[in-house]
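Trainee: Could you take a close look at one part of this model with me, the aromatic side chains, and then show me what else goes with them? I would enjoy one connected walk-through.

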Amino acid sequence: LVSSFMDSERVKEIYNTQCDASKNLGNKPLKGNGLQRMEKFCYMAFEEFDADAIVATGHSYWFRAFFQTYLPKSFDHVSKK
């Protein structure tokens, strides 16, 4: 199912002028582990980018693992479940 909105020239313009996917490295490498990738993401988000907002997309398992790792153990939040 393809929405006509998603095919619109305006959407293409937004992606071309407001999105920077240069840090998208594709599939995860064979070497390394999830913690290393999360640490790299944090470094990029907090040290390399000078932006008002960062929009990150990914698999829900990655986000759950991210929040389980970085939020305090005693902090009960839906993002950790």
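Mentor: Happy to. This is a predicted model, and a search of the whole of it turns up 6 aromatic pairs. Take Trp62 and Phe66 to begin with: their rings are stacked, with 5.2 Å from centre to centre and 20 degrees between the planes. What puts these two residues about one helical turn apart? They both belong to helix α3, which covers residues 60-70, and they are 4 residues apart in it, so about one helical turn separates them.

The two partners differ in how they meet the surroundings. Trp62 has a relative accessibility of 25% and therefore counts as partly exposed. Phe66, with a relative accessible area of 13%, is buried, because the cut-off for that class is under 20%.

Phe66 also has a ring partner in Tyr70. Here the ring centres lie 4.9 Å apart and the planes stand at 45 degrees, so this pair is tilted. The spacing along the chain will look familiar: Phe66 and Tyr70 are 4 residues apart in helix α3, about one turn of the helix. Tyr70 is partly exposed, at 37% relative accessibility. If you step back from the individual pairs, ring pairs link Phe41, Trp62, Phe63, Phe66, Phe67 and Tyr70 into a cluster.

One member of that cluster, Phe41, leads us on to the largest pocket. Phe41 is among the residues nearest the centre of this pocket, together with Lys23, Asn24, Met44 and Thr57. The lining is made up of 29 residues, and the pocket has a volume of about 1,300 Å³. Which helices contribute to that lining? Both α2, residues 34-48, and α3 supply at least two residues each. The largest share comes from α2, with 6 residues. If you are thinking about the chemistry of the lining, its residues divide into 15 nonpolar, 9 polar and 5 charged.

Now for the charged side chains elsewhere. How many salt bridges does the structure hold? There are 2. In one of them, the side chains of Glu9 and Lys12 meet with an N to O distance of 3.5 Å. These residues sit 3 apart in helix α1, residues 9-18, so about one helical turn lies between them. Glu9 is exposed at 59% relative accessibility, while Lys12 is partly exposed with a relative accessible area of 40%.

The salt bridge between Asp76 and Lys81 has its closest N and O atoms 3.2 Å apart. Is Asp76 buried or exposed? Asp76 counts as exposed, at 61% relative accessibility. Lys81 is exposed too, with a relative accessible area of 61%.

Last, a word on the cysteines. A search of the whole structure finds 0 disulfides. Cys19 is partly exposed, at 42% relative accessibility, whereas Cys42 is buried, with a relative accessible area of 15%.

To bring it back to your request, keep Phe66 in view as you turn the model: its ring is stacked with Trp62 and tilted against Tyr70. From there, follow the cluster to Phe41, and Phe41 will take you to the residues nearest the centre of the largest pocket.

Definitions and conventions
Residues are numbered from 1 along each chain as its sequence is written. This is a predicted model: local features need pLDDT of at least 70, side-chain atom pairs count only at pLDDT 80 or more; totals for chains, interfaces and linings use all residues. Side-chain values use heavy atoms; hydrogens and water are left out. Rings of Phe, Tyr and Trp (its six-membered ring) pair if their centres lie within 6.5 Å; planes under 30 degrees apart count as stacked, over 60 as edge-to-face and the rest as tilted. Buried means under 20% relative accessible area, exposed over 50%, partly exposed in between (1.4 Å probe, protein chains only). A salt bridge is a side-chain nitrogen of Lys or Arg within 4 Å of a carboxyl oxygen of Asp or Glu. A disulfide is a pair of cysteine sulfur atoms within 2.5 Å. On a 1 Å grid over the protein atoms alone, a cavity is a set of points where a 1.4 Å probe fits but cannot get out, and a pocket is an open set with protein on both sides within 12 Å along at least five of seven lines; lining residues have an atom within 4 Å of a point. Grid points are joined across faces, edges and corners, and a volume is the space filled by probe spheres set on the points. Ala, Val, Leu, Ile, Met, Phe, Trp, Tyr, Cys and Pro count as nonpolar, Asp, Glu, Lys and Arg as charged, and the others, Gly among them, as polar.
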